[in-house]
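Trainee: I have a model open and would like to talk through its pockets and its ligand site. Could we take it step by step?

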Amino acid sequence: MKEKDVSRRSFLKALSKGTAAVVATSVIPSIGKVSANTMENGKLAILGGKAVAPNKVFPQWPYFDEKMVQRVAGVIRSGKWNRIDNLHNGTVATFEKRYAELLGVKGCVATGSGTQSLHTAVEAMGFGPGDEIITTPYTDPGTVAAILSARALPVLVDIDKESFQLDPDEVERKINKNTKAIIAVHMMGQACNMERIMAIGNKYNLKIIEDACQAHLSEYQGKKLGTIGDIGCFSFQTSKNICCGEGGGIISNNEKLLDDCYTVQNHGTNRQGRTVTIGTKYRMNEFEAAILLEQLTRAKDQFEIRNKNAAYLTEKLKNFPGLVPQKLYPGTTKGSFYLYTMAYHKEYFNDASRDVVLKAIAAEGINLSGYIKNGLHREPWTDNIINRRVYQTMYSEQRLKDFKDQLTLPNCDWVCDNMVMLWANGPLLGTKNDMDDIINAIMKVHENRDQLKLITSI
Ligand SMILES: Cc1ncc(COP(=O)(O)O)c(C=O)c1O
């Protein structure tokens, strides 16, 4: 066993003994001699000390190999670049079949992005001006863009500070007679509280759209995320764990709804070639699907590796109150770990700002960062829509005033300010040693937190 393993264990043991005191006083108890880094080189790397993991390189993302290159080359040579050129046997059609099989659902409709998938779902379900859809402010702008593109009203509710997910109590509080759906977003690829959200949906007769854009293959109470609500939407944008540059997919067990989605994303033209409704052109092309078909061959193995590494990090951090891993709801068996996230508690780092600590950890060789800077309730679209004719026509003056007044969402603000994340797509495919380096870099900075005040150039 390496010296640094022994010392990290003794650190965590000492830490766990002191947990009660930690909670009560917000001060980590003195733990004496701890790690090799402290003893041999207690100076933080940012101040000139020796780094824990100099020149650290994690597995790169996106993943590709020669077979993928050849498959894309095959599409180029075929001259069939558009899904319509090979409607039933092309790469898009094949990907749709494989993805539906992988998730155990009746079908999939591929699109050009996660945002397009979500917008297609909203349109296909018939939601539009005058309707309200509840969702989280702590998400990618694409979630809200899908609602706005249909000129419906996105109603943002606060999140849970520990899981970083939509708070079901807040959802229930914001339901009114115009509420038609909830977009349940599975942030970081972990389930939001689907048990409660499905119960609320049933109680108020609301549709549930799962934004599983980050949640490929994730499981909750024995079901894959995206298969629990009425419809599930995925993103295959480059950073996602199954990716092709830009891409999206819609899954459901409701074949009529899937057909309607196909029609909407095919400029309102159905599978029989009749232009029957409002739609836009959101079709995935054959190159994107060729890449995805190759990504699928590795996706399950990569998913297992990320889960194993995430469980290891969480175990190592379990008694460390300075960085608290995302809380998972009961029934969460496996997550996609699009990101591995933790909440930063500055009281355990001598009140140093998150950015100072992240800079110090980066100097040790490990790049962690914040995630979403502002919740979507803090972005200017909220003023833009209340000044638009369509919103002023379809919603009362009082409703638009309440919409604005109800955008004080303190938990979301706190999470934006205190989130710390590790990109998990590539880094969580690393080795156990890589995971140890992450923990050791964090612990070294924590052990030497007295030095953080010397860091001034932030
Ligand atoms: C939770 C969530 N929803 C929606 C989207 C939008 O997906 P896309 O970027 O493919 O349009 C993303 C993408 O990052 C996302 O993370």
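Mentor: Gladly! Keep in mind that this model is predicted. Let us start with the lining of the second largest pocket, which by class has four nonpolar, 10 polar and four charged residues.

Trainee: Which residues lie closest to the centre of that second largest pocket?

Mentor: The space in the second largest pocket comes to about 200 Å³. Its lining is made of 18 residues, and the closest to the centre are Thr115, Asp140, Cys213, Ser235 and Lys240.

Trainee: And which helix gives the most to the lining of the second largest pocket?

Mentor: Two helices to look at are α6 and α7 (141-149), each of which supplies at least two residues of this lining. The one that gives the most, with three residues, is α6.

Trainee: Where does the ligand sit?

Mentor: Look at the residues around the ligand, 15 in number, where Gly114, Thr115, Asp211, Ser235 and Lys240 come nearest. Thr115, Ser235 and Lys240 are also among the residues closest to the centre of the pocket we just discussed. The ligand sits in the second largest pocket.

Trainee: Which helix gives the most to the shell around the ligand?

Mentor: By class, that shell holds three nonpolar, nine polar and three charged residues. Three residues of the shell come from one helix, spanning residues 114-124, and this is the element that gives the most: α6.

Trainee: How far is an N or O atom in the side chain of Ser235 from an oxygen atom of the ligand?

Mentor: Let us go through the polar side chains one at a time. Asp140 has a side-chain N or O atom 3.3 Å from a ligand oxygen, and Thr143 places a polar side-chain atom 3.3 Å from a ligand nitrogen. For Ser235, the distance from a side-chain N or O atom to an oxygen of the ligand is 2.6 Å.

Trainee: What share of the ligand's exposed area does the protein bury?

Mentor: Start from the ligand taken alone, which exposes 390 Å². Of that area, the protein buries 92%.

Trainee: Now for the largest pocket. Which elements each supply at least two residues of its lining?

Mentor: This pocket has about 320 Å³ of space. Its lining counts 16 residues, with Glu96, Gly107, Cys108, Asp259 and Arg271 nearest the centre; by class there are seven nonpolar, two polar and seven charged residues. The elements that each supply at least two of the lining residues are α5 (91-103), β1 (107-111) and α10 (255-265).

Trainee: What is the volume of the largest cavity?

Mentor: The model has three cavities of 30 Å³ or more. The largest cavity is lined by His216, Leu217, Asn241, Ile242, Ala299, Gln302, Phe303, Arg306 and Ser336, which by class are four nonpolar, four polar and one charged. Its volume is about 50 Å³.

Trainee: Leu217 caught my eye in the backbone. What is its phi?

Mentor: Leu217 is in the loop between β5 (207-211) and β6 (219-220). Most residues other than glycine have a negative phi. Leu217 is not a glycine, yet its phi is positive, at about 70°.

Trainee: Last one: which two residues does a cis peptide bond join?

Mentor: Most peptide bonds are trans. To find the cis one, go to the loop between α3 (36-41) and α4 (66-78), where Pro62 has its place. With omega about 10°, the cis bond joins Trp61 and Pro62.

Key
Residues are numbered from 1 along each chain as its sequence is written. This is a predicted model: local features need pLDDT of at least 70, side-chain atom pairs count only at pLDDT 80 or more; totals for chains, interfaces and linings use all residues. Side-chain values use heavy atoms; hydrogens and water are left out. A residue is near a molecule or strand if one of its heavy atoms lies within 4 Å of it. A polar contact is a pair of N or O atoms within 3.5 Å; within protein, one must be able to donate a hydrogen and the other to accept it, and residues adjacent in sequence count only if both atoms are side-chain atoms. Accessible areas come from the Shrake-Rupley method with a 1.4 Å probe; for residues, only the protein chains shown count as cover. On a 1 Å grid over the protein atoms alone, a cavity is a set of points where a 1.4 Å probe fits but cannot get out, and a pocket is an open set with protein on both sides within 12 Å along at least five of seven lines; lining residues have an atom within 4 Å of a point. A molecule sits in a cavity or pocket if more than half of its atoms lie within 2 Å of its grid points. Helices (H or I, at least four residues) and strands (E, at least two) are DSSP runs, numbered from the N terminus. Ala, Val, Leu, Ile, Met, Phe, Trp, Tyr, Cys and Pro count as nonpolar, Asp, Glu, Lys and Arg as charged, and the others, Gly among them, as polar. Grid points are joined across faces, edges and corners, and a volume is the space filled by probe spheres set on the points.
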